[in-house]
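Please load the model in your viewer and keep the selection panel handy. We will go from one selection to the next, with a short word on what is there.

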2 protein chains.
Amino acid sequence: MTESKEPTTRTAEGGRRVLIVSAHPDPRSLTASLTGFAADELRAAGHEVEISDLYAMKWRAVTDADDYPEHPAGARLDVAAASQHAYENGSLTADVRAEQERLLRADAVILQFPLWWFSVPAILKGWLDRVLSGGFAYGDGVPQYRDGLLSGRRLLLSVTHGATASALGARGAHGPLTDLLFPLQHGVFFFTGMSVLETFAVADTANLEEEGYRAATTAYRERLAGLFTEEPLPYRRLSDEEYTRTMELKSGRERPGTTGFALHLA
Amino acid sequence: MTESKEPTTRTAEGGRRVLIVSAHPDPRSLTASLTGFAADELRAAGHEVEISDLYAMKWRAVTDADDYPEHPAGARLDVAAASQHAYENGSLTADVRAEQERLLRADAVILQFPLWWFSVPAILKGWLDRVLSGGFAYGDGVPQYRDGLLSGRRLLLSVTHGATASALGARGAHGPLTDLLFPLQHGVFFFTGMSVLETFAVADTANLEEEGYRAATTAYRERLAGLFTEEPLPYRRLSDEEYTRTMELKSGRERPGTTGFALHLA
């Protein structure tokens, strides 16, 4: 591939803010390498990059009553209600507020993680559970699958996995990667109003070697170059035109024969 | 519904071992109530019940080098390899070994959790990440989607969620619950060789009230009564007859028009 190396061009294209959330315990891991690679590429293109390196930050994964210092000690803990109340009163813990501010500052968010048991590592699930609090990302009065606080921001999952691409392909035994990640891409991020891009994946990581890593970064470079121009996945907005009051897709909206997750792609 | 209350009948039907893994920070939560309810029901039927109450145990959710005390300090951490090595050398941490022993003792395993962002809470993801280690549940020489160390055991997800049943139904905006949980049901538990039952779900938890709770426990009682007799989900075993060497379903094995996760249901 050819690539302009002129800083002027890059600066003209750049100037956006990108948050990379990275989740691997070893700073010499493939995850850490790809995070560093993406940060370098994006900065070279004139973007500002912040990195939430969850292991380095010793991110607290577990949600409990300590997350809501003002929650009455004797009262039953409803996480949705308690987190919304704390969000609205500015009393969420400092670590969570800092990450919410990073999300609000960002024009694009990249999650860089290894696929552990077909999902994110627990530390990253704990980032989702705690940072995407009631009031901020879901809850009473918060729109779902349409304009929310995070609307307009782009979201890219950048995932590495030990399985081969075919085993996670359309007929692969694990199920298609894009469907395995639907709960994250659609259920978490499109839910908040973000524009979700197709996942970038590096397969068969145990056999990657140097050549494979070069191929992976070449492919990743192209995706990063399109971070602000690529067409997002065409998930349907939750509108009265398309969905019933019981949040079901109105009959006849889909292409004939479509079922399951695919119903929610326009 | 009618139900025999005779202890003799229950003892005759009972005598199996059930592990309940429960994940909610508040001991007064619906999750905790359902865990207690299930334990009482199963014990009354003559079964032995162990409970892994992850919050009460202060379960460590995050996988890092501390999980592998014998891993050389300077060496790069590959979690799959390090955990398999530690498993095979009996050097996994005591908390993980204790849970693996509980799994091996159990004839059935129930995961009781609230659906947080369309998946398990981080503390429970951390139980999966750490307990289902290399060598034990995946890795070199470990069978996938067929006979493994945990084969023959039954698995039931018992989940509570704030969404309505319709919003998580076949045409629901969140996607069907059974597909959202496929990464867990199939990718985690059927992968290890377990027999996975249809998920038990309690919907619309914010509006449950007393009557709703009674209806939920009545429905749960029926499912618990069938824990050892219900037909498991008919996921396909990974055999040479059904799958190619690249782990793809051979063409023509499926019902015409089937795609995605459904390909792996016989």
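The tour starts with one chain and ends at the interface. Keep in mind throughout that this is a predicted model.

**Stop 1: chain A as a whole**

Select chain A and colour it by secondary structure. You should find eight helices and six strands. Going from the N terminus, the elements come in the order α-β-α-β-α-α-β-α-β-α-α-β-β-α. The radius of gyration is 19 Å, close to the 18 Å that the globule rule gives for 266 residues, so chain A is as compact as a globular protein of that length. If you draw a box along the principal axes, the C-alpha atoms fill roughly 60 × 50 × 40 Å.

**Stop 2: the annotated domain**

Now select residues 17–224 of chain A, which an unreviewed UniProt entry lists as "domain: Flavodoxin-like fold". Helix makes up 37% of this stretch and strand 15%. Try a distance between its two end C-alpha atoms: they lie 13 Å apart.

**Stop 3: a salt bridge inside chain A**

Show the side chains of A:Arg237 and A:Asp147, which form a salt bridge with an N to O distance of 3.1 Å. Where in the chain do these two partners sit? A:Arg237 belongs to the segment after helix H8 (209–225), while A:Asp147 is in the loop between H5 and strand S4 (154–160). The pair thus links distant parts of the chain, 90 residues apart. Over all chains, the structure holds 36 salt bridges.

**Stop 4: the interface with chain B**

Bring chain B into view. Here 67 residues of chain A are in contact with 67 residues of chain B. The two chains bury about 4900 Å² between them, with 61% of that on carbon and sulfur atoms. Which three residues of chain A supply more of its buried area than any other three? Select A:Trp117, A:Arg171 and A:Ala173: together they supply 19% of the area that chain A buries against chain B.

**Stop 5: polar pairs and elements at the interface**

Next, display A:Glu254 and B:Arg171, a salt bridge whose closest N and O atoms are 2.8 Å apart. Two salt bridges are found across this interface, along with 32 residue pairs in polar contact. On the side of chain A that touches chain B, the elements giving two or more residues are helices H5 (122–131), H6 (177–180) and H7 (182–190). Highlight H5(A) for a last look: it gives the most, with six residues. Coloured by class, this side of chain A shows 36 nonpolar, 20 polar and 11 charged residues.

Notes:
Residues are numbered from 1 along each chain as its sequence is written. Chains are lettered from A and ligands numbered from 1 in the order in which they are written. This is a predicted model: local features need pLDDT of at least 70, side-chain atom pairs count only at pLDDT 80 or more; totals for chains, interfaces and linings use all residues. Side-chain values use heavy atoms; hydrogens and water are left out. UniProt positions are given in the numbering used here, feature names are shortened, and annotations may be inferred rather than shown by experiment. Helices (H or I, at least four residues) and strands (E, at least two) are DSSP runs, numbered from the N terminus. Contact means heavy atoms within 4.5 Å. Buried area is the accessible area (1.4 Å probe) that two parts lose on being put together, summed over both. A salt bridge is a side-chain nitrogen of Lys or Arg within 4 Å of a carboxyl oxygen of Asp or Glu. A polar contact is a pair of N or O atoms within 3.5 Å; within protein, one must be able to donate a hydrogen and the other to accept it, and residues adjacent in sequence count only if both atoms are side-chain atoms. Ala, Val, Leu, Ile, Met, Phe, Trp, Tyr, Cys and Pro count as nonpolar, Asp, Glu, Lys and Arg as charged, and the others, Gly among them, as polar. The radius of gyration is taken over C-alpha atoms; the globule rule is 2.2 Å times the number of residues to the power 0.38.
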